[in-house]
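Me: Could you take a close look at one part of this model for me, and then follow the thread outward from there? I'd like one connected answer rather than a list.

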Amino acid sequence: MAAKQIAEKLISENAIAIFSKSYCPFCVRAKQVISGQNVDPSKIGTMELDEVSEGPAIQDYLAEKTGQRTVPNIFISGKHIAER
């Protein structure tokens, strides 16, 4: 249950929530694109799943919630942005 609470807190408290891994080139690029969109940085919440002990459990929860296991896993205004 802690993983769900952690993920939902990040999603609900930020206009943009990014679940990422520090070594992922797609995550790096997504964060660059978002930071270049004139969005107040205080409204962007990022969690590096490889740097937190709950990371694997959070990734499991996000896969269950969104159907997407990969990162970056991004939410804007609480809505999941699906891979294309």
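Reply: Happy to! Let's start with the sulfur of Cys-27, whose closest cysteine sulfur belongs to Cys-24 and lies 3.0 Å away, too far for a bond. The model is a predicted one, and the call rests on a cut-off: two cysteine sulfur atoms must be within 2.5 Å to count as a disulfide. At 3.0 Å, the pair therefore does not qualify. The total for the structure is accordingly 0 disulfides. Seen from the other side, Cys-24 is in no disulfide either, and its nearest cysteine sulfur is the one in Cys-27, at 3.0 Å. As a reminder of what is missing here, a disulfide is a covalent bond between the sulfur atoms of two cysteines.

Are these two cysteines buried or exposed? Cys-27 has a relative accessible area of 0% and is buried. Cys-24 has a value of 9% and is buried as well, because the label applies to anything under 20%. As for where Cys-27 sits, helix H2 covers residues 25-35, a range that takes in position 27.

From there, let's move to the sheet. Four strands make it up, in the order S2-S1-S3-S4; it is an open sheet with mixed pairing. At its edges are S2 (44-48) and S4 (79-81), each of which pairs on one side only. Direction ignored, neighbouring strands are turned against each other by 20 degrees on average.

Strand S1 deserves a closer look. How many of its residues are buried? The count is 5 of the 5, so the strand is largely enclosed by the rest of the structure. Both of its faces are covered: Ile-16, Ile-18 and Ser-20 are buried on one side, and Ala-17 and Phe-19 are buried on the other. On the S2 side, S1 is joined by 5 bridges and the two strands run parallel; Ile-16, for instance, stands opposite Ile-44 of S2. On the S3 side, S1 pairs over 4 bridges in the antiparallel sense, and there Ala-17 has Phe-75 as its bridge partner. Those two pairings, one parallel and one antiparallel, fit the description of the sheet as mixed.

Helices pack on these strands too. Helix H1 (residues 2-13) lies across S1, S2 and S3, and it runs at about 140 degrees to S1. Helix H3 lies across S1, S2, S3 and S4, running at about 60 degrees to S3.

Phe-75 also brings us to the aromatic side of things. The structure holds 1 aromatic pair. Its members are Phe-19 and Phe-75, whose ring centres are 6.1 Å apart and whose planes stand at 85 degrees, so the arrangement is edge-to-face. The pair ties together distant parts of the chain: Phe-19 is in S1 (residues 16-20) and Phe-75 is in S3 (residues 73-76), with their positions 56 residues apart in the numbering. Both rings belong to buried residues, with a relative accessible area of 0% for Phe-19 and 1% for Phe-75.

Just ahead of S3 comes the loop that follows H3 (55-66), and Gln-68 is found in it. Gln-68 counts as buried, at 5% relative accessibility. A polar atom of its side chain lies 3.0 Å from the backbone oxygen of Thr-70. Pro-72 has its place in this loop between H3 and S3 too, and the peptide bond joining Val-71 to Pro-72 is cis, with omega at about 5 degrees.

That bond is worth a second glance, as are two backbone angles. Most residues other than glycine have a negative phi, and most peptide bonds are trans. Where do positive phi values turn up here? One is at Asn-38, with phi near 60 degrees, and this residue sits in the loop between H2 and S2. Another is at Ser-77, with phi near 50 degrees, in the loop between S3 and S4. Unlike the buried cysteines we began with, Asn-38 counts as exposed at 78% relative accessibility, and Ser-77 counts as exposed at 65%.

Technical notes. Residues are numbered from 1 along each chain as its sequence is written. This is a predicted model: local features need pLDDT of at least 70, side-chain atom pairs count only at pLDDT 80 or more; totals for chains, interfaces and linings use all residues. Side-chain values use heavy atoms; hydrogens and water are left out. Rings of Phe, Tyr and Trp (its six-membered ring) pair if their centres lie within 6.5 Å; planes under 30 degrees apart count as stacked, over 60 as edge-to-face and the rest as tilted. Buried means under 20% relative accessible area, exposed over 50%, partly exposed in between (1.4 Å probe, protein chains only). A polar contact is a pair of N or O atoms within 3.5 Å; within protein, one must be able to donate a hydrogen and the other to accept it, and residues adjacent in sequence count only if both atoms are side-chain atoms. Two strands pair if DSSP finds at least two bridges between them. Axes are lines fitted to C-alpha atoms, for helices over the stretch in contact, and angles run from 0 to 180 degrees between N-to-C directions. Contact means heavy atoms within 4.5 Å.
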